[in-house]
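This report goes through the fold, the core, the aromatic contacts and the charged pairs of one protein chain. Please keep the sequence and the 3D view at hand while reading.

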Amino acid sequence: MTLNPTRYATRYALRVASVAAALGLWQLLTSLNVDLWLRFSQFPTVADVARAFADRLTGDDYWTDLTDSLTRIVTGFLLAAVLGVATGVLVARSRLAEDLLGPILEIVRPIPAIALVPVAILLFPSNEQGIVFITFTAAFFPVLVSTRHSVRALAPGWEEAVRTMGGGRWRILRSVVLPGALPGIFGGLSVGIGVSWICVISAEMISGQYGVGYRTWQDYTVVDYPGVFVGMVTIGVLGWATSTAVELLGRRLTRWLPRTSYVPAGRPRSTTRRSAAPAARTAGPTGTEPEEARDGHLV
């Protein structure tokens, strides 16, 4: 499908306008000290937050907090991604692993990661390691569950086709299981990175030294509300940036999947170019589906 620059420019203009409208409404309600049911008179204005943000950007503490939080989130999330995918594939493919690990994982999974802060304090010799552990735990289970369900949902015909062509266990894993489960895995990674930010900020507030969450809580304790909103905005931007990075990586690694674009008042259109003439020449016996399309899942 040919990209329409005007359509994309319009969409991004609408997104910018929606953010600008929200900021404008915030500034209006807080500057007029509107108190109906919600007490906007207690809120700092957008201008106050912007001034506090500018002051923070010129100081060293802000960048130290940013670096510490990013280091914790990246370390915990990468560990969760690797171990979550490996454990999910293992549990989905092995009955023995499911019997040994399944009950333990299902008992621990409902426990909120932030509730493990006392455990982390007791287990690890430093707060830094404990916060990374909380971040890891938060992302691990979404990745594990998503991977497990994606592997189990694979069509058995794919594996049988590889076995027919002489492929072994590792060939099946490399050519069928991991590529086939990749869309679901990245769904779990997208959820995991968001949950990780929630938990790392909470852990920093409870037991951290430096970090965006720690600084936000300190601003609250000294009644620096513009500083609190600086921390909230920073958390939101960091969460959006990391989630977008995970999504873009997922789209890059699954570029072989068909894509659709939304068409108002109509059916989704595939973004993959197709030629009607070749499709007609390669149609199967029924004339409704190309032979390659029916057998494409075996590749």
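## Helix α9 and its aromatic pair

Helix α9 covers residues 212-221 and carries both W217 and Y220, which sit 3 residues apart, about one turn of the helix. The model is a predicted one. The rings of W217 and Y220 form a tilted aromatic pair, with 5.3 Å from centre to centre and 35° between the planes.

Neither ring belongs to a residue that counts as buried, because W217 has a relative accessibility of 38% and is partly exposed, and Y220, with a relative accessible area of 45%, is partly exposed as well.

## Salt bridges

The structure contains 9 salt bridges. One of them joins D219 and R56, whose closest N and O atoms are 2.8 Å apart. This pair connects distant parts of the chain, since D219 belongs to helix α9 and R56 to helix α2, with their positions 163 residues apart. Both D219 and R56 are buried. D224 enters the picture too: R56, D219 and D224 are linked in a network of salt bridges.

Helix α9 is also tied to helix α3. D65 and R215 form a salt bridge, with 2.8 Å between the closest N and O atoms; D65 lies in helix α3 and R215 in helix α9, 150 residues apart. D65 has a relative accessible area of 3%, so this residue counts as buried.

A further bridge from helix α3 runs to helix α8. Here E204 meets R72, and the closest N and O atoms are 2.8 Å apart. E204 in helix α8 and R72 in helix α3 are 132 residues apart, so the pair again links distant parts of the chain. E204 is buried because its relative accessibility is 0%, and R72 is buried at 1%.

## Overall fold

The chain has 12 helices and 2 strands. Starting at the N terminus, ten helices come before the two strands, and two more helices follow them. Of the 299 residues, 32% count as buried. The accessible surface of the chain is about 18,700 Å², and carbon and sulfur atoms account for 65% of that area.

Contacts that reach across the sequence are frequent in this count: among those between residues at least 6 apart, 65% join residues at least 24 apart.

## Nonpolar core

The largest nonpolar core has 48 residues, and I134, F140, L189 and W197 touch the most other members. Helices that each supply at least two residues of this core are α2 (46-57), α3 (60-93), α5 (117-123), α6 (127-152), α8 (169-207) and α10 (225-253). Helix α8 provides the largest share, with 14 residues.

Which residues does W197 touch, leaving aside those up to four places away in sequence? They are S69, L70, I73, L238, G239 and T242.

## Other aromatic contacts

There are 9 aromatic pairs in the structure. One of them joins F124 and F133: the pair is tilted, 5.2 Å centre to centre, with 45° between the planes. F124 counts as partly exposed because its relative accessibility is 28%.

W26, F40, F43 and F229 form one aromatic cluster. A charged side chain also meets a ring: R15 lies over the face of Y12, at 5.0 Å from the ring centre.

Notes:
Residues numbered from 1 in each chain as written. Predicted model: local features only at pLDDT ≥ 70, side-chain atom pairs only at ≥ 80, totals over all residues. Heavy atoms only, no water. Helix = DSSP H or I, 4+ residues; strand = E, 2+ residues; numbered from the N terminus. Buried < 20%, exposed > 50% of the residue type's maximum accessible area, 1.4 Å probe, protein only. Contact = heavy atoms within 4.5 Å. Areas by Shrake-Rupley, 256 points an atom, 1.4 Å probe, with all protein chains shown as cover. Core = buried A, V, L, I, M, F, W, Y, C linked by side-chain atoms within 4.5 Å. Phe/Tyr/Trp six-rings, centres within 6.5 Å; stacked < 30°, edge-to-face > 60°. Lys NZ or Arg CZ within 6 Å of the ring centre and 35° of its normal. Salt bridge = Lys/Arg side-chain N within 4 Å of Asp/Glu carboxyl O.
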